[in-house]
Amino acid sequence: MDYSVFLRPFLISDTETINQWRNNEAIQQWTAGRFRKVSIEIERNWVQSKMTNNEKEEYFAICLNDSSKEMIGYFSIREIDIYNRKCFFGGIVIDPEYQEGVYMIDTHLIAFDYAFIHLGMNRIAGTCLEEHPVSRIMMEMLGFKLEGIEQNSVYKNHKYHNLCNYALLYEDYKHYMKDNYYSKKNILKRLMQLKKVYKTLSTISK
């Protein structure tokens, strides 16, 4: 399958770009983590640590799969537990210019293959803020199942937020691959269905 992006390990030269994204409040507003600006020195040390300590977590630059090879975001697989064969997908940080769904979808599909096939994981977990329908649609569209909602789990922007816990199991992923679940046609069909569902839920909650 041809993807719009490819993943590669961090390079120290990525530091300035990552720092710009981290210090951009608009990009960070829907992540579950606390927003805080950091210096370029702190960022460089952070990038260096992610390049050299990858036993329990791996960070990847998301790059355009064209002649430019431009880095447009980054993504992480964390809490890698080889014994229990499970891991956690960190949120995707992506430049606003490239926040079209195709880049995020392709990033996840590449990461699924890496986690399930190359790392031998049996379970991938992920979270998002309950009030962020874009993230919830993305996860459900790609086959993650909602396992529960943590009430008042994240304190951000001076208020508490609920956190949705999702997971995708290898057994389900195998069926999805066999059934062509991740074809562009089927993904688009589910996207339209989920948009209607979340639009209805938004109307009901008002």
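## Fold, surface and cores of the chain

Seven helices and eight strands make up the secondary structure of the chain. The radius of gyration is 17 Å, close to the 17 Å given by the globule rule for 206 residues, so the chain is as compact as a globular protein of that length. The coordinates are those of a predicted model. The C-alpha trace spans about 45 × 40 × 40 Å along its principal axes.

Contacts and burial come next. Of the contacts between residues at least 6 apart in sequence, 60% join residues at least 24 apart. Of the 206 residues in the chain, 42% are buried, which here refers to a relative accessible area under 20%.

The buried nonpolar residues can be followed from the largest core outward. The largest nonpolar core has 41 residues, and Phe-89, Phe-112 and Tyr-182 are those with the most contacts inside it. Helix 4, residues 101–118, gives the most to this core, contributing nine residues. Leaving aside residues up to four places away in sequence, Phe-89 touches Phe-75, Ser-76, Ile-77, His-108, Ala-111, Phe-112, Ala-115, Ile-124, Ala-125, Gly-126 and Phe-144. A second core, separate and of 11 residues, includes Tyr-59, Ala-61, Cys-63 and Val-93.

On the outside, the chain exposes about 12100 Å², and 51% of this area is supplied by carbon and sulfur atoms. As for charge, the chain has 27 positive and 26 negative charges, and the mean positions of the two sets are 5 Å apart.

Key
Residues are numbered from 1 along each chain as its sequence is written. This is a predicted model: local features need pLDDT of at least 70, side-chain atom pairs count only at pLDDT 80 or more; totals for chains, interfaces and linings use all residues. Side-chain values use heavy atoms; hydrogens and water are left out. Helices (H or I, at least four residues) and strands (E, at least two) are DSSP runs, numbered from the N terminus. The radius of gyration is taken over C-alpha atoms; the globule rule is 2.2 Å times the number of residues to the power 0.38. Buried means under 20% relative accessible area, exposed over 50%, partly exposed in between (1.4 Å probe, protein chains only). Contact means heavy atoms within 4.5 Å. Accessible areas come from the Shrake-Rupley method with a 1.4 Å probe; for residues, only the protein chains shown count as cover. Lys and Arg count as positive and Asp and Glu as negative; His and the chain ends are not counted. The place of a charge is taken as NZ of Lys, CZ of Arg, CG of Asp or CD of Glu. A nonpolar core is a set of buried Ala, Val, Leu, Ile, Met, Phe, Trp, Tyr and Cys residues joined through side-chain atoms within 4.5 Å.
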